[in-house]
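Hello,

Here is the structure we talked about handing over. Please open it alongside this note, and read on for what was found.

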Amino acid sequence: MIIEKAAEVLEKHKLCNHCLGRGFAKLGKGSNEERGRAIRFVLNMERALEEKKPLKEEECEICGGIFDRLEDYALLCIDKAKMLEFETFLVGSSFPEEILNREKEIFEKFGLYWEPINREFNREVGKILERKLNKKVNRKNPDVKFIIDPYKEKVRIEIKPVYVYGRYRKLVRGMPQTPLKGYGESVASIICKPFGNAFKGKAVFHGAGREDIDVRMLGNGRPFFVEIKRAKKRHANLEKIAEEIGKSGKIEVFDLRFATREEMERLLSERHDKEYEALVYVEEGVNGADLRKIVQRLGGAEIVQKTPQRVLKRRSDLTRVRKVYKVSGKVIDGKHLKLRIFCEGGLYIKELISGDMGRTTPSVSEIIGKSAVCEALDVVNVEVIEDGSKGTHTKEENQR
Ligand SMILES: [Zn+2]
């Protein structure tokens with residue numbers, strides 16, 4: 001049966017052993033080339049009995065002979081990867097439509113069960129590369145993908161980004177989180193620079209939420225990820241990078257570790273509880289009785305907040321409800337309070353204090369019946385749920 005089919009095919013079409021063997025995929029063990037060679041061998045024995053000329057391997061109608069040049073394609077890949085650090089890879093290819101159609105047409109005509117040419121090609125180049133590079137093919141999540149165009153003899157490379165998790169403190173006011181016109185530097189620009197240099201790629205900053213330009217980020221810091229695109233290096237000394245960022249005197253990073261894209265997506269999509277320290281100014285004067293009222297009324301309160309007027313240009317006008325878990329504080333002088341506010345993420349603190357002309361309720365102004373404003377604000381903790389357990393809301397921080 002097999003030999004008869006093969007005879008039919010080869011009498012009509014010139015095929016190499018790879019493409020012949022691929023037409024009988026899944027039959028027996030071995031590579032397509034071995035299968036093709038064996039079939040042709042037996043077929044030609046039969047033809048010899050019938051005194052017919054042997055059907056030799058000829059310039060192939062399907063592949064055009066690319067399987068003779070597998071080593072060359074592997075060398076093209078190796079050349080592309082010269083400067084790259086990676087452990088695992090995958091070979092892909094882009095075959096012209098006409099080749100795929102021709103293959104389908106021939107094999108279908110004879111009712112064969114075949115393996116597509118690109119699959120064999122990718123696998124065979126992959127085997128050579130594994131041997132030459134001493135690295136492994138990884139189908140699911142390779143560090144590097146080689147995409148070969150066999151007929152243009154070109155290789156394109158795709159590099160999996162490197163992800164690093166960390167937390168940052170912003171020690172100064174007056175700095176945006178991401179680059180903004182009119183500001184020389186940002187949290188992102190200070191953090192990204194040494195990452196880009198160390199991993200030799202393009203570093204992109206992703207913060208778990210953001211603080212206003214005039215707000216510091218202290219305490220446990222804010223979680224962030226750096227994604228290094230087209231990273232030529234996959235290893236770097238993270239402690240050294242942290243040290244370098246610390247030299248700015250404005251940003252500190254800590255807890256740096258390698259992460260995955262999935263982890264980044266999960267953490268960035270969650271809403272995080274936050275703790276703030278606010279310096280509150282009350283023109284009419286403020287005292288211990290006011291403070292007690294604030295602590296009592298705001299602790300455990302649900303705050304109904306319309307989008308603050310100051311961000312209405314950028315954000316849609318909607319009403320949110322956010323919980324304040326706990327408030328503590330002290331009177332600083334006749335006109336100043338310091339408040340520590342632990343609340344659900346997404347609550348605007350400046351408006352929680354001012355009341356934003358009644359758009360936030362209850363508010364500090366509303367509770368004490370006097371106009372209060374936030375003079376300075378620090379984020380002192382951003383809670384993160386890691387590995388299913390609630391992140392640390394450290395005692396130290398609370399006692400500071
Ligand atoms: Zn062929």
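**A pair of facing residues, and the sheet around them**

Start at I147, which stands opposite R156 in β4. This is a predicted model, so please read everything below in that light. I147 belongs to a pairing of two strands: β3 (residues 144–149) and β4 are joined by 6 bridges and run antiparallel.

Both strands sit in an open sheet of 4 strands. The order is β2-β1-β3-β4, and the pairing is mixed. At the edges are β2 (136–137) and β4 (154–159), each of which pairs on one side only.

Two helices lie across this sheet. Helix α4 (residues 70–80) crosses β3 and β4, and its direction is at about 45° to β4. Helix α6 (residues 117–133) lies across β1 (88–93), β2 and β3. The angle between α6 and β1 is about 145°.

**The domains**

How is the protein chain divided? The domain assignment gives domain 1 (2–159), domain 2 (162–268) and domain 3 (274–399). The C-alpha centres of domain 1 and domain 3 are 67 Å apart.

**Two helices at the start of the chain**

Next, look at helix α1 (residues 2–12) and helix α3 (residues 32–49). They pack at an angle of about 85°, and their axes are 10 Å apart. That angle makes α1 roughly perpendicular to α3. On the α1 side, the contact is made by I2, I3, A6 and A7. On the α3 side, I39, V42, L43 and E46 make the contact.

The loop between α3 and α4 holds E51. Its phi is near 55°, a positive value in a residue other than glycine. Is E51 buried or exposed? E51 counts as exposed, because it has 6 C-beta neighbours inside 10 Å.

**Helix α7 and its surroundings**

Helix α7 (residues 187–199) has 13 residues. From first C-alpha to last, α7 reaches 19 Å, close to the 18 Å expected at 1.5 Å a residue.

Which residues of α7 are buried? They are V187, A188, I190, I191, C192, P194, F195, A198 and F199. These buried residues pack against several elements. The strands are β5 (162–170), β6 (202–207), β7 and β8 (251–259), and the helix is α8 (238–246). After α7 comes K200, with a positive phi near 50°.

P179 is placed in the loop between β5 and α7. Leaving aside neighbours within four places in sequence, P179 is in contact with S186, A188 and S189. P179 counts as partly exposed, because it has 14 C-beta neighbours inside 10 Å. G345 is 166 residues away from P179 in sequence. In space, the two are 23 Å apart, C-alpha to C-alpha.

One of the strands that α7 packs against is β8, and D255 is placed in β8. Phi of D255 is near 60°, again positive in a residue other than glycine. D255 has 13 C-beta neighbours inside 10 Å, so it counts as partly exposed.

**Strand β14 and its two partners**

Why is strand β14 (residues 372–382) described as largely enclosed by the rest of the structure? Because 8 of its 11 residues are buried.

β14 pairs with strand β7 (residues 215–229) in the parallel sense, over 3 bridges. Here V215 has L377 of β14 as its bridge partner. β14 also pairs with strand β9 (residues 274–282). That pairing is antiparallel and has 9 bridges. In it, the bridge partner of E277 is D378 of β14.

**One cis peptide bond**

Finally, check the step from T361 to P362. The peptide bond there is cis, with omega near -5°. P362 is found in the loop between β13 (360–361) and α12 (364–368).

Best wishes

Definitions and conventions:
Residues numbered from 1 in each chain as written. Predicted model: local features only at pLDDT ≥ 70, side-chain atom pairs only at ≥ 80, totals over all residues. Buried ≥ 20, exposed ≤ 12 C-beta atoms within 10 Å, placed from the backbone. Pairing = 2+ DSSP bridges. Expected span 1.5 Å × (residues − 1). Contact = placed C-beta atoms within 7 Å. Domains from an automatic or database assignment. Axes fitted to C-alpha atoms, helices over the stretch in contact; angles between N-to-C directions. Parallel < 35°, antiparallel > 145°, perpendicular 65-115°, else oblique.
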